[in-house]
Amino acid sequence: MNRQCLLLGLDGASFDYLEPLIREGVMPFLGRFFASAARAPLQSVVPPLTPPAWTSLVTGRSPGRHGIFDFAAPEGPGSLFQRMISSRDLSGETLWSIANRHGRRATALNFPAMHPPPAVDGCVIPGWVPGRWIRRAVRPAELFDRLKKEADVQVEALGYWPDQESKAIEGCRREEYEPWIRLHIEREREWFRALRYLMTADPTDLTAIVFDGADKLLHLCWTSIDPRSAPEPSEAPFVHLRGLCLQYFRELDSFLEALVGLAGPETTVVMASDHGFGPTDTLLSLNTWLAENGFLVWASDGPHNGEAERVHYATHEIIRGLDRARTQAVALMPSANGIWLLKDGERWREGFDSDEYRSLRVRLVEGLLDARRPDTGERVVRRVWTREEIFAGPFFERAPDLTVELVDSGHVSVARNSRAVTVRAQVMGCHRPLGVFAIGGPGVRGGAQLGVRSILDVAPTILHAMGLPIPAAVEGHVVEEAFERDWRQAHPVVHERAGAAPDAENGSGEEMDAQSREQIARRLKALGYMG
Amino acid sequence: MDQPTKEQVFNDLVKIIRDLAEDWEFSGEITPDTTMLGDLSFESIDAVALASAIEELYGQSFPFAEYFSQLEERKIEDLRVQDVVDFIHGHLQPAETKG
Ligand SMILES: [Zn+2]
């Protein structure tokens, strides 16, 4: 019999706020599931950001090897202009295409970098697709009408609306909180109803969904969800908002229970997150810091904010606001905390081994490590990563030259603010590197609490649980300790030999033939990136 | 395959626009002088869908973000279907260099 798997993606989940919610009785099913599962904290990718992290989770490969680094990507080699990522940027096999290759069908709902939907035998509803386009974004094409007619799902509501999403990082007025939380509660209901319908009407061997409302709620409403951070827990508006947020988690718990019930006891159930969450009270305005330290020069008509600190600008506002000839470094996106280096007004495209490039990076790293909070004088930057350190692989040139990791793992601002480092008026939530992994089902060591595992280990563990071999391109390892000894002996891990799988599934022109691989290897070696 | 002519690009673009605009029930005539935002009720976010559909069709990428950002200096409301045709045609790559 084909062994089946249900992957329940919980965006932004971490044990440190889920466990209090379980103790308070908000998530009783999750409590029972965790107790009966093998579980581990899950180390995300660097930076712990939703699109690269989910893509690593479903490919078992790191960003430099799957090509997704952020919500957006440069629109051409050497371009500073950013466009939204698409499935054409994702190279290599996903869990769905691997399952298909072995004759198993797959369902994938709400994963990033899935639009336009890849040719999956099964069902795909991509995540992060504007509501206006979602009819054309589903696969198979008739799924949109079926979900509407047969399951009464508000399919357009599954999409996102950019003006709404930005509130998660930009903040919003007090009266906007409630409708904004309700929007996410309602959207999650529609995702649940869509999946429940598909699991009943068209069950597949691998079924996967991301519930991403928690990520949004945790950014804006951290203090409501984690009362330890709340300024005045007794304040009435706080109590009201907390009630709404808890309603989100209560409903999510009931969705998880219903889906696990539908999957049945013979199905392996994996719950995993792309990253964790924690509080942040500082804001590093990266471009402001770069300007103060002489690395960036704004044009005379460049952008300027009023009194309020902002986080986000459209990329073209930043690019057009620069005096490019005099700018050496710029941050473009407030998500991946990347810095792009410029030479003579253009992105650096060669000469990465030159003294000029290397010394520019060293000056930036040293300067940023010394950026400090105005109130306590403490550092705000934990580490600055070069792209060869975190993005090694064929796609590293699409990644920013430097990536800034903040002390609280939070996100930077790219706006032109009045000061480089400010203390936020209100504590917000930000991503943390440790998420969750829990697996239940046949052969699993129920109750086992394992040490930290890598997000790259999730895909091979799912494949193994389904009785499928692990492709050679997968970098992660099967979490074997999650299974009983007898089961492991009866089910040894099988690895595919290199060459058994196609290199890329999308025909996006990113396939590497042996020659270009060799060229890249030579180039990386010459740059000192490979031993 | 030979490089598509401007007329072919226009016909391709009309097909894509018709498909995209179906969701907001546009059924009027599309001419080279039809304006994208005014006549077709495109919103700025639809530019990404349009770009994605065009890139899918021609199997190559186009610097749409840069193009649209330059337009803002002129009036983006004035953007005509023919302007987009000219932009696409001007950036088509010969088949052998696509990627
Ligand atoms: Zn996330």
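This briefing walks through a zinc site, a few parts of chain A, and the place where chains A and B meet. Keep in mind that you're looking at a predicted model. Chain A holds the zinc ion's donors, among them Asp11(A) and His275(A), and 16 residues of chain A are in contact with 26 residues of chain B.

**The zinc site**

- Five residues coordinate the zinc ion: Asp11(A), Thr50(A), Asp215(A), Asp274(A) and His275(A), at 1.9 to 2.4 Å.
- If you want to spot the exact atoms, look for OD on each of Asp11(A), Asp215(A) and Asp274(A), OG1 on Thr50(A), and NE2 on His275(A).
- Read along the chain, the donors of the zinc ion follow the spacing D-x38-T-x164-D-x58-D-H.
- Are the last two donors buried or exposed? Asp274(A) has a relative accessible area of 1%, so it counts as buried, and His275(A) is buried too, at 0%.

**Helix H12 and what comes after it**

- Helix H12 of chain A covers residues 236-263, which is 28 residues.
- From first C-alpha to last, H12(A) reaches 41 Å, close to the 40 Å you'd expect at 1.5 Å a residue.
- Right after H12(A) comes Gly264(A), with a positive phi near 85°.
- Carry on a little and you get to Thr267(A), which sits in the loop between H12 and strand E8 (268-272) of chain A.
- Thr267(A) counts as buried because its relative accessibility is 8%, and the cut-off for buried is under 20%.
- What does the side chain of Thr267(A) reach? It reaches the backbone oxygen of Ala263(A), at 2.8 Å.
- Leaving aside neighbours within four places in sequence, Thr267(A) is in contact with Gln4(A), Cys5(A) and Leu6(A), and also with Gly440(A), Gly441(A) and Pro442(A).

**Helix H17**

- How many residues of helix H17 (residues 458-465) of chain A are buried? Eight of the eight are, so this helix is largely enclosed by the rest of the structure.
- The buried residues of H17(A) include Val458(A), Ile462(A), Leu463(A) and His464(A).
- Just after H17(A), Gly467(A) takes a positive phi of about 80°.

**Chain B on its own**

- Chain B has four helices and zero strands, so to speak an α-α-α-α run from the N terminus on.
- Of the 99 residues in chain B, 44% are buried.
- Take the contacts in chain B with a separation of 6 or more: 63% of them come from residues 24 or more positions apart.

**Where chains A and B meet**

- The size of an interface is often given as the accessible area lost when the parts come together.
- Here, chain A and chain B bury about 1,900 Å² between them, and 49% of that is on carbon and sulfur atoms.
- Which residues of chain A lose the most area to chain B? They are Glu75(A), Arg88(A) and Arg132(A), together 36% of what that side buries.
- Between the two chains you'll find four salt bridges, and the count of residue pairs in polar contact is four.
- One salt bridge to look for joins the side chains of Asp19(B) and Arg136(A), at 3.6 Å from N to O.
- On the side of chain A that touches chain B, the elements giving two or more residues are strand E4 (82-84), helix H6 (134-137) and helix H14 (315-320).

Key: Residues are numbered from 1 along each chain as its sequence is written. Chains are lettered from A and ligands numbered from 1 in the order in which they are written. This is a predicted model: local features need pLDDT of at least 70, side-chain atom pairs count only at pLDDT 80 or more; totals for chains, interfaces and linings use all residues. Side-chain values use heavy atoms; hydrogens and water are left out. Donors are N, O and S atoms within 2.8 Å of the metal (3.2 Å for Na, K and Ca); water is not among the atoms, so sites may look incomplete. Buried means under 20% relative accessible area, exposed over 50%, partly exposed in between (1.4 Å probe, protein chains only). The expected span of a helix is 1.5 Å times one less than its number of residues. Contact means heavy atoms within 4.5 Å. Buried area is the accessible area (1.4 Å probe) that two parts lose on being put together, summed over both. A polar contact is a pair of N or O atoms within 3.5 Å; within protein, one must be able to donate a hydrogen and the other to accept it, and residues adjacent in sequence count only if both atoms are side-chain atoms.
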